[in-house]
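Visitor: I want the reasoning behind the labels, not just the labels. Can you take me through it?

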Amino acid sequence: MKTLARTLAALCLVALGLLAPFAIAAYDYPVADGFVASIVGTPLELQAPLPEEIPLRTRRLPGSGEVPGLFWHQQGLEFSFAKQRGGAPVAFLVAGTGAGHDSAKMKGLARALYGAGFHVVCFSSSTYLNFIVNASSSKLPGFLPDDTRDLYRVMEQAWATLEDEIDAEGFVIAGYSLGGISAAFLARHDESARRFGFSRVLMINPPVDLYSSARLLDSYLEDNVSVRQGGSFLDEVIERIAIAYQPKHGMRLDEDFLYRAYGMLRAEGRPARSLARNPEQALVGLSFRLSSSAMVFAGDVMTRSGYIAPKDKAFGDSESLEYYAWASAQVPFVQYVDELLLPTVMKERPGATREQLLREASLHGIETWLRGNPRVFALSNADEIILAPGELDYMRSVLAERLRVYPRGGHCGNILHRDTVRDIVTVLRGGSLPAGGAGA
Amino acid sequence: MKTLKPIALALACLSACAAVRAEESAPVFASVPDPADVRRFYPPPASVEGTILAVDDPFEAFNRRMYRFNAQFDRRVFLPLVDGYRAITPDPVETGVSNFFANLLEVRNLANNALQLHPEDALVSGARFMVNTTLGIGGLFDPATRLGLIERKEDFGQTLGRWGVGAGPYLVLPLLGPSGLRDAGGLAVDMVANGYYDPMDLEGVRDDTAARAGYNLVKGVDARSSTVFRYYRTGSPFEYVLVRYAYTRMREVEIER
């Protein structure tokens, strides 16, 4: 009996020993569906401990051109920053598609990096209304090489207002989603402009190719709800949101707001009675359409392209924009790229083909630089919803051990998870990602 | 409060007018471009029923102007005041001030819960008022919440809604922002009633113009300070439409609840 017990005990120990590495490596982000994860984010108890309040201040730079009366409220380009008391490295952060410098995800990242001792400077996406109006030279957002030059100029101007008051010990740059791929393009641009010398570059859940990601996001809406029903679907989402709504949550009706509100309802286990086959997929598509329609209309008005608004149209103070709100929501983002954006870019670049331009605006366009650059890192998820088949493997082949793929998290759903925040901080401090991470 | 009464009464009249406003079939969109002027013309749908544009808004031109005025007032006057107030006032004092004004509104909550035949909620509102006025030292503290008496906010607009009065056209009020004819009328009634039954009325405040102005200023700044909403922070050129829709739907759900 004794021997049996001893053998069993020994077996148990061996088993434990075998399992231990897995136990340590176990990834506890719980949401199994990539769409749900993108919406609900990380449960509080699994989030990295972040400072509650950081001294973020907003500043306005003079815009680069005249602001049409319709956008009077967007006068001046906004960015925000939080500075440490003494010397520290500076982290530049770039927001994702249609998001501002003060989006919820940006604030989360800013808190994480400020808490880790960085000075933090937050920049809006080049696709955000305030940026399009004040800083876009083409006024048509979405072509990455052009957007990069605009963002870079904004970074230089912003830094010119900060350099006397911030004691900088080097620079790093990071961004999520579209801001992630922007960060890489910006760092590459900086190598010739030689202004900052970013010692680390981090892409968090970047697309490989904005066009292919946009096609996916467009399809999430169109496959689930007809455009006609899009409104009713939003109606239903809002109705559910209203049940859980508290004035303290504000009312921005942007992606972060929709996602958070929808997440709260899911958490309460409210029954779904949805028009959409997959309501989470539809919500992701819908929130992308809300921000892309803003982009399409703003770009059209700013360039006087006569796309959906007449060229010479002067919008009065009290004019109804209902038709334009409705019409620009009918435009899939890829249609805008094909019909308005690329033809405009081609005018500047006669001879360039559509394929050539789309390639230039993707990670493929900077592949050699990415391969040969040990300072560039990326984080992504196995169930990332903005990557087409093969794109994750492509990133693996290009970045190898400089890419970590978490098993779950969807698109940025795990961005505040302790593992993600630890990896973000480690990489930006000059460390490397845990071994084997790329395989997960 | 006396000076506000004429405005309040005017709002109440407007609200009554809403009921008799004739239903006419207007075009779906107030302004549509000429198809020849644009590269992509989307013929307007026959109806916007079931979309975020399905909000009755015959005063859109006025409302948009008012929205813009409010945003400018916010930026130039209101928010600087709020920032100044927050900077010079210690947090516990701010909370105390907020509690004080919230406590005064318990009388409104009590009345409207009673009018909606929600006796339990009315009792909670009454109990909250008594507890916070006594134990909470005139309403500066909120011990009632800690005792499990959660605020049951109800206003006269909701009471009207409960008894079948429709929302009426959307209306953007000066300084107060998104509302509707019914809710504006409700607000007017609440304000007039509050003027008569102001439970904490201090004789001196009522007679002294300067003191009354100061009291109303603090009240307004406190109200703005505890409202998270900021104009033009959606990053959308269609913010007016989004806010109009969100306000209207949320209000409907509050009333159904």
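Guide: Start with a term. A polar contact is a pair of N or O atoms within 3.5 Å, where one must be able to donate a hydrogen and the other to accept it. In this predicted model, 14 residue pairs between chain A and chain B are in polar contact, both residues at pLDDT 80 or more.

Visitor: Which elements of chain A give two or more residues to the side that touches chain B?

Guide: Those elements are α8 (227-244), α10 (279-303), α11 (322-328) and α12 (333-348) of chain A. The largest share comes from α8(A), with 10 residues. By class, this side of chain A has 29 nonpolar, 15 polar and 14 charged residues.

Visitor: How many residues does each chain bring to the contact?

Guide: Chain A gives 58 residues and chain B gives 49 residues. The area buried between the two chains is about 4900 Å². Carbon and sulfur atoms give 60% of that area.

Visitor: Why is the pair A:Glu339 and B:Arg40 called a salt bridge?

Guide: The cut-off is 4 Å, from a side-chain nitrogen of Lys or Arg to a carboxyl oxygen of Asp or Glu. For A:Glu339 and B:Arg40 the N to O distance is 2.6 Å. That is within 4 Å, so the pair qualifies. Across the interface of chain A and chain B, the rule finds four salt bridges.

Visitor: What makes A:Arg354 and A:Asp338 a salt bridge?

Guide: Their closest N and O atoms are 3.1 Å apart. The limit is 4 Å, so this pair counts as well. A:Arg354 sits in helix α13 (residues 354-360) of chain A, and A:Asp338 in helix α12 of chain A. The two are 16 residues apart, and the pair links distant parts of the chain. Over all chains the count comes to 32 salt bridges.

Visitor: How many cavities of 30 Å³ or more does a search of the whole structure find?

Guide: The search finds six. The largest has a volume of about 260 Å³.

Visitor: What makes a residue part of the lining of the largest cavity?

Guide: A lining residue has an atom within 4 Å of a cavity point. By that test, 20 residues line the largest cavity. The closest to its centre are A:Leu70, A:His73, A:Asp317, B:Arg64 and B:Tyr232. In chain B, α2 (60-88) and α11 (239-256) each supply at least two lining residues. The lining divides into 11 nonpolar, four polar and five charged residues.

Terms used. Residues numbered from 1 in each chain as written. Chains lettered and ligands numbered in written order. Predicted model: local features only at pLDDT ≥ 70, side-chain atom pairs only at ≥ 80, totals over all residues. Heavy atoms only, no water. Contact = heavy atoms within 4.5 Å. Buried area = accessible area lost by both parts, 1.4 Å probe. Polar contact = N/O pair within 3.5 Å; in protein donor to acceptor, adjacent residues only side chain to side chain. Helix = DSSP H or I, 4+ residues; strand = E, 2+ residues; numbered from the N terminus. Nonpolar A, V, L, I, M, F, W, Y, C, P; charged D, E, K, R; others polar. 1 Å grid on protein atoms, 1.4 Å probe; cavity = no way out; pocket = protein on both sides within 12 Å on 5 of 7 lines; lining within 4 Å. Points joined across faces, edges and corners; volume = space filled by probe spheres on them.
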